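The following note is intended for a colleague who is meeting this structure for the first time. Its points are numbered so that each may be taken up separately.

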Amino acid sequence: MHKQPKPIMKIVKKILWVLLIALVVIQFIRPEANASTDTSGNIKNLYAVPENVDAILVKACNDCHTNNTVYPWYSKVQPVAWWLDDHVKEGKSHLNFDAYTSYNLRRQYHKMEEVIEQVKEKEMPLNSYTWVHRDAKLTDDERVVLTNWAQSVMDTMKAKYPLDSLIRKKN
C-alpha cells in the first residue's frame with residue numbers, strides 16, 4: 001500500500017520551494033557597484049602617499065574606504081552582495097580616502113588620529129575582511145608604516161595650519 005505523506009511534510013516541502021524561489025528571485029536585485037573614476041577628492045591630491053603606504057592602503061583599506069571596491073566572485077551572490085554593500089557604505093561613512101579633501105580641516109586631522117588609533121589597536125582592517133582577504137592582514141611593520149604616515153599627514157597639517165583650526169579647544 002502507498003503511504004500518504006504526513007501533513008507536516010507537505011508544509012515543509014512548500015516552505016522549501018518558497019525559499020528556493022525567493023533565493024533565485026533575489027539574485028536579480030543587486031546593489032550599485034562602488035566604482036568611480038573621480039579622484040578629485042583623493043587624499044593624494046593634498047598629502048604625499050609614498051608607494052609603500054599606497055600598497056598597504058590598496059591591500060587592506062581601499063575596498064571599504066574609497067569609491068573603488070575590487071569585488072570578489074562571491075559578491076555576485078545574494079544576500080552576500082547586500083552585506084558587502086552595507087559594509088562598504090559603513091566604511092566610507094567613517095573614512096573615504098577619495099573624499100578626504102572635501103572634509104574640513106578638523107575632520108581631516110581627526111581621521112588621521114583615528115587611523116593611528118585603530119591600526120595600532122588592530123581594529124582595522126576588520127577581522128571579517130581579513131578572514132577572506134588573508135593578504136589584507138597587516139604585519140607589525142606595516143602597522144608602523146601606516147601609523148607613521150598618518151602622523152606625517154598630521155604633522156604636515158600642523159605645519160601648514162593654525163592648531164586651533166585642527167583641534168577643538170577643550171573647555
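1. A term is needed at the outset: a residue is called buried under 20% relative accessible area, exposed over 50%, and partly exposed in between. Lys59, with a relative accessible area of 21%, is therefore partly exposed. The reader should also keep in mind that this is a predicted model.

2. On the overall architecture, the protein contains seven helices and zero strands. Read from the N terminus, the order of elements is accordingly α-α-α-α-α-α-α.

3. On overall dimensions, the radius of gyration of the protein is 23 Å, whereas a compact globule of 171 residues would have a value near 16 Å. Along the principal axes, the C-alpha atoms occupy a box of roughly 90 × 40 × 30 Å.

4. On burial and contacts, 35% of the 171 residues count as buried. The accessible surface of the protein amounts to about 11,800 Å², and 60% of that area is supplied by carbon and sulfur atoms. Where contacts join residues at least 6 apart in sequence, 76% of them are between residues at least 24 apart.

5. How many salt bridges does the structure hold? There are six, and three of these pairs are taken up in the points below.

6. The pair formed by Lys59 and Glu142 has its closest N and O atoms 2.9 Å apart. Because Lys59 belongs to helix 2 (residues 51-60) and Glu142 to helix 7 (residues 140-160), this salt bridge ties together parts that are 83 residues apart in sequence. The two partners fall into separate accessibility classes: Lys59 is partly exposed at 21%, while Glu142 is buried at 18%.

7. Lys89 and Asp85 provide a local counterpart, with a salt bridge between their side chains at 3.2 Å, N to O. Both residues lie in helix 4 (residues 80-94), and since they are four residues apart, about one helical turn separates them. Lys89 is exposed, with 54% relative accessibility, whereas Asp85 is buried, with a relative accessible area of 15%.

8. A further salt bridge joins Asp140 to Lys122, with 3.8 Å between the closest N and O atoms. This pair links distant parts of the chain, 18 residues apart: Asp140 is in helix 7, and Lys122 is in the loop between helix 5 (105-120) and helix 6 (127-130). Asp140 counts as exposed, at 53% relative accessibility.

9. Which residues form the nonpolar patch on the surface? The patch is made up of Trp17, Leu20, Ile21, Val24, Val25, Phe28, Ile29 and Trp82, which together have about 860 Å² of accessible area. Helix 1 (residues 7-26) contributes the largest share, five residues. One of the patch members, Val24, has its place in helix 1. With a relative accessible area of 47%, Val24 is partly exposed.

10. Is Ala33 located in a helix or a loop? Ala33 sits in the loop between helix 1 and helix 2, and it is partly exposed, with a relative accessible area of 48%. Although Ala33 and Ala81 are 48 residues apart in sequence, their C-alpha atoms are 9.6 Å apart in space.

Terms used. Residues are numbered from 1 along each chain as its sequence is written. This is a predicted model: local features need pLDDT of at least 70, side-chain atom pairs count only at pLDDT 80 or more; totals for chains, interfaces and linings use all residues. Side-chain values use heavy atoms; hydrogens and water are left out. Patches are made of residues with over 30% relative accessible area and no salt bridge: like charges are joined within 9 Å, nonpolar side chains (Val, Leu, Ile, Met, Phe, Trp, Tyr) within 5 Å. Accessible areas come from the Shrake-Rupley method with a 1.4 Å probe; for residues, only the protein chains shown count as cover. A salt bridge is a side-chain nitrogen of Lys or Arg within 4 Å of a carboxyl oxygen of Asp or Glu. Helices (H or I, at least four residues) and strands (E, at least two) are DSSP runs, numbered from the N terminus. Buried means under 20% relative accessible area, exposed over 50%, partly exposed in between (1.4 Å probe, protein chains only). The radius of gyration is taken over C-alpha atoms; the globule rule is 2.2 Å times the number of residues to the power 0.38. Contact means heavy atoms within 4.5 Å.
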